[in-house]
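Okay, thanks for making time this morning. I'll walk you through one structure, starting with the whole chain and then going into a few spots.

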Amino acid sequence: MHRHAPIRDADESDLSTSAAKTQAAGVTAVAVALNHAVAEMGVLRTARTLTRVNQRHGFDCPGCAWPEPARHRRPAEFCENGAKAVAEEATLRTVGPEFFAEHSISDLEDKSGYWLGQQGRLTHPMVLRPGETHYSPIDWPAAYRLIAATLRGLDSPDDALFYTSGRTANETAFLYQLLVRSFGTNNLPDCSNMCHESSGTALTGSIGIGKGSVTIEDFELADVIVVAGQNPGTNHPRMLSALQKAKAAGARIIAVNPLPETGLLGFRDPQTITGLTTGVQIADEFLQIRLGGDMALFQGLGKLLFEADDRAPGTVIDREFTTTLTAGFDAYEHHVRAVDLAVVEEATGLSRDQLERTAALLAGSKATILCWAMGLTQQRHGVATIEEGTNLLLLRGMIGKPGAGVCPVRGHSNVQGDRTMGIWEKMPESFLAALDCEFGITSPRHHGYDAVDAVRAMRDGRATVFFGMGGNFVSAAPDTGTTEAALRQCALTVHVSTKLNRSHVVHGATALILPTLGRSDLDLSPTGRKNQVSVEDSMSMVHLSTGRLRPVSGHLRSEVAIVCELAQELFGQDHPVPWARFRSNYDAIRDAIANVVPGCADYNHRVRHRDGFQLPHPPRDRREFHTTTGKANFAVNDLRWLPVPEGRLILQTLRSHDQYNTTIYGLDDRYRGIHNGRRVVLVHPDDIAALGFHPDDLVDLVSEWTEGTERRVTDFRLVPYSTPRGNAAAYYPETNPLVPLDHVAERSNTPVSKAVTIRLERR
C-alpha cells in the first residue's frame, strides 16, 4: 500500500479573497495542472498518464463530455480540470482495510467531502454490518452473495434502486440495465435526472430526439454562437479552444450568464505561443442576465426577429423551413408578437439596446448554434426555456444545416452514452422489445423512479435497497437532510466506487463498498486479454477508451466484471443472458449492443475506426423530425420569470474551479478570487448594504419553500461580487441542503438548484 502524509481538512478561517481574474488558462493553468498531477501521481506516472488522455491510443478523460477534434489532436488534448480528474483517479494514495480499522463511521461523518476524496483509491471490498462501527474487509463472492440474498428477499423488484453516474462506460451501462430489467424493475435513476433531463424533455418534443444536433466541426462554420447558462472556463475548458477557433473563422459569440465567467471574457490558449502571454476575448456580447430570465430573453428576441422581418420581409424568418418542416408556427408567432418588451427588460435585467443588438446579430447570422447547460435546465421552467431557445433556431431554419443547431453541453464523460445504452427509468417500448428478443427475458413495462422519486421512495419506505454504480449520490442529490435520512432507512446500500466519498458514510443497515477500476486503469480479462470500453461524447461520437495503468490493488474489479459476477450469483447459471461470456469478452457485449440499440449496427467494427463513429441524428442528418406531428414543433409557453421577494435573494448553486461535480480537488476558485475555502456566498455589493450587512460578514443562508418550512446552512462569508441585483451564488454540495426535494422543474423533475429563494441571517 502507498502511504501518504495526512491530508489537512478545510479550515474556513484561512479563507481569503482577491479580485476576480479576467483571463483563463495560460501558463498558470499549466502550472496548476502539473503540480496537482505530480503531487498525486509522481513525475513518471504523470508523464505516462497525461500523454494518453483523449488520444486515439489512450483513454477518455473521466471529466467532461466535450468531444475531441476529428482531425488533428494536440499532444496535450486535455484541460486543467481534466488533468485534475485524471490525477484524482490515478493517484498513488490508497484507502485499504487499515484505514477503515483506524477510522470509525462516526469519525468519517465529521470529515468534509474534500478530505474524504483526498485519501486515495479504494483497494478492497468492504462491508459495514448492522451495529458495527467500522467497515471491515469482505471477499468478492461473499459480497455478491449478500447482495443477491437481499435482492431475492424483497417483496418486489421495485423495492430496489439502481443508480448510475455518467462515468460508466457503454458496455457497463448496457449490462447494468440488462441486469436490472432481468431482475424485474425499471428503477434506473441516473445523474442525467439531475442535470440535462430538462434538455432531453424539451428537445424530444421540439425536434424528436433529446440530443444535440451539432458536431465539433460546426463551430468553425458558425456565424453566431450563443452560450447560455454555462461556464466553459471551469466546467468544459476545452470548449474554449473551439470557441477561439470559431472566432478566428469570423463567428460572433454571445455569453448569457448572471456571473461574468472568466473563460468567456478572456482565454489564453496554453498550447500556442501567443496564448502563453496574450488572451483572446471570447464573448463579443455579454448579457448579464438575472437568474430565471432566459425564457423572457428568448421570447423577447423572437418578437424582435419578427419585427425585423416586418421591416425587410423574407430576410429574417425562414418561411420555407417553417412552412414545410414545422408545426405550431402560427400559434408561436401570435404569442411571441404579444410579448411586452418592458416585461422582458424587467425579467432579464437587460437594456433594450442589449436586446436589440443581440437580435440584430441573430437576424444577420446564416448559421447559429445555441449552447447551454445547468443555468437553463435547473429552473422551474427549464423545459419551457429550452423550448423557447429552440424556437429561435426553428424560426430561422437553424436545424440540420452546417454551423447551426442545438448544443446541450453534457457535464460528465459518458452521461449521454448511458442513456443511449438504456439507463433510463422509462425507455421506449421499441428498446425493451429488442432487449427481450435478444436475450429471451421479459423486461418490465411500468416506469421506474428517477433520482428525485428515488429519494422519495426511500424516504417513504417504498424502496429499501440502493445500489450505486459510481457517483456520489448523497452529495449530488438535492435536499441533503432528506436524502441522507432516506438512505439511512435502507436495509442495504451498495456503492461501486474508485474513491471514498460522503455516500459511503451515509449508509443503510448494511453497507458495501465495491472498489472498481478507473478509466485510466488496465482492464484484463480472466484470460489476460486487454479490454477496451467505449463512450459517447456530447455530440454523439462513440469511440474506444483503453486504460493502461497498473491498478493500485489486485482486489479491484472492472465494472463489467462486477455486473456480470453479481448477475451470475443473483440469477444462477441457467439464466438466458450469457453473463460469463460477457465477463470475459467485451466484443460479445458490443455485438449484443449492435442488435439492440438503435444506430449501433456493426458496433465492433465501426467503433474501431480512427475516430469511432457518429450515432444517427435525424434532424441533423436529413431534417427529419420523429415527433408526434412528424415535424419540428414550435412550443408556446406563458412567459415566466423570477421576481425577487422583498428582503430576499435568489440563489444559484455552482462549482468552484477546483471542483468537478461533487469531487473537490482543492480549496481555491482562483478565477473568482476565492482562496482556501468554500463557504462563501457571492452577492452584489449594493444588496449586501441594502440588507444591512458588510463584506466578510458571516451569515447563515436560509431557504424558504413552503410556509413554515425552512432549510439552513451556516457560517458563510459574504463576498461582494458582480452579479445582478437580487441574485446570489454559492458552491454545491455545501448548499444542496437548501434545495427542497419538491422544488423541481416542470415535466422533467430536475432539481431546481438555480432558483432557490433565500434570506441571510447574521451569525
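Before anything else, one definition: when I say contact, I mean heavy atoms within 4.5 Å. With that in hand, take the contacts in this chain that have a separation of 6 or more: 78% of them come from residues 24 or more positions apart. And please keep in mind that this is a predicted model.

So, the overall picture. We've got 30 helices and 30 strands in the protein chain. Its radius of gyration is 25 Å, and the globule rule gives 27 Å for 763 residues, so the chain is as compact as a globular protein of that length. If you lay the C-alpha trace along its principal axes, you get a span of about 75 × 60 × 55 Å. Of those 763 residues, 64% count as buried. The accessible surface comes to about 25,900 Å², and carbon and sulfur atoms own 52% of that.

Okay, let's go inside. Have a look at strand β7, residues 160-164. Is β7 enclosed or open? Five of its five residues are buried, so the strand is largely enclosed by the rest of the structure. You can see it from either face: A160, F162 and T164 are buried on one side, and L161 and Y163 are buried on the other. Who is the partner strand here? That's β15, residues 465-469, which runs parallel to β7 and is joined to it by five bridges. If you want one pair to click on, F162 has F467 in β15 as its bridge partner.

Next, a spot for the side-chain people: D60. You'll find D60 in the loop between α2 (43-50) and α3 (80-89). Buried or exposed? The cut-off for buried is under 20% relative accessible area, and D60 has 6%, so D60 is buried. What does D60 touch? Setting aside its neighbours within four places in sequence, the contacts are N54, E68, S413, R519, V535, H543 and S545. Of that list, I'd pull up H543, where a polar contact of 2.8 Å joins the two side chains, D60 to H543.

N54 from that contact list deserves a look as well. N54 is found in the loop between α2 and α3 too. At 3% relative accessibility, N54 counts as buried. And its phi is near 60 degrees, which is a positive value in a residue other than glycine.

Last stop, the barrel. Six strands close up in the order β22-β29-β26-β28-β27-β30, and the pairing is mixed. Neighbouring strands of this sheet are turned by 45 degrees against each other on average, ignoring direction. As a general reminder, strands of a sheet pair through backbone hydrogen bonds, parallel or antiparallel. How do β22 and β30 pair? Residues 649-654 and residues 756-762 go together in the antiparallel sense, over three bridges. Within that pairing, L651 has V756 in β30 as its bridge partner.

Now, the loop between β29 (727-731) and β30 holds P733. The peptide bond joining Y732 and P733 is cis, with omega about 10 degrees. R747 also has its place in the loop between β29 and β30, and its phi is near 80 degrees, again positive in a residue other than glycine.

That's my tour, happy to take questions.

Conventions:
Residues numbered from 1 in each chain as written. Predicted model: local features only at pLDDT ≥ 70, side-chain atom pairs only at ≥ 80, totals over all residues. Heavy atoms only, no water. Pairing = 2+ DSSP bridges. Helix = DSSP H or I, 4+ residues; strand = E, 2+ residues; numbered from the N terminus. Axes fitted to C-alpha atoms, helices over the stretch in contact; angles between N-to-C directions. Buried < 20%, exposed > 50% of the residue type's maximum accessible area, 1.4 Å probe, protein only. Polar contact = N/O pair within 3.5 Å; in protein donor to acceptor, adjacent residues only side chain to side chain. Rg over C-alpha atoms; globule rule 2.2 N^0.38 Å. Areas by Shrake-Rupley, 256 points an atom, 1.4 Å probe, with all protein chains shown as cover.
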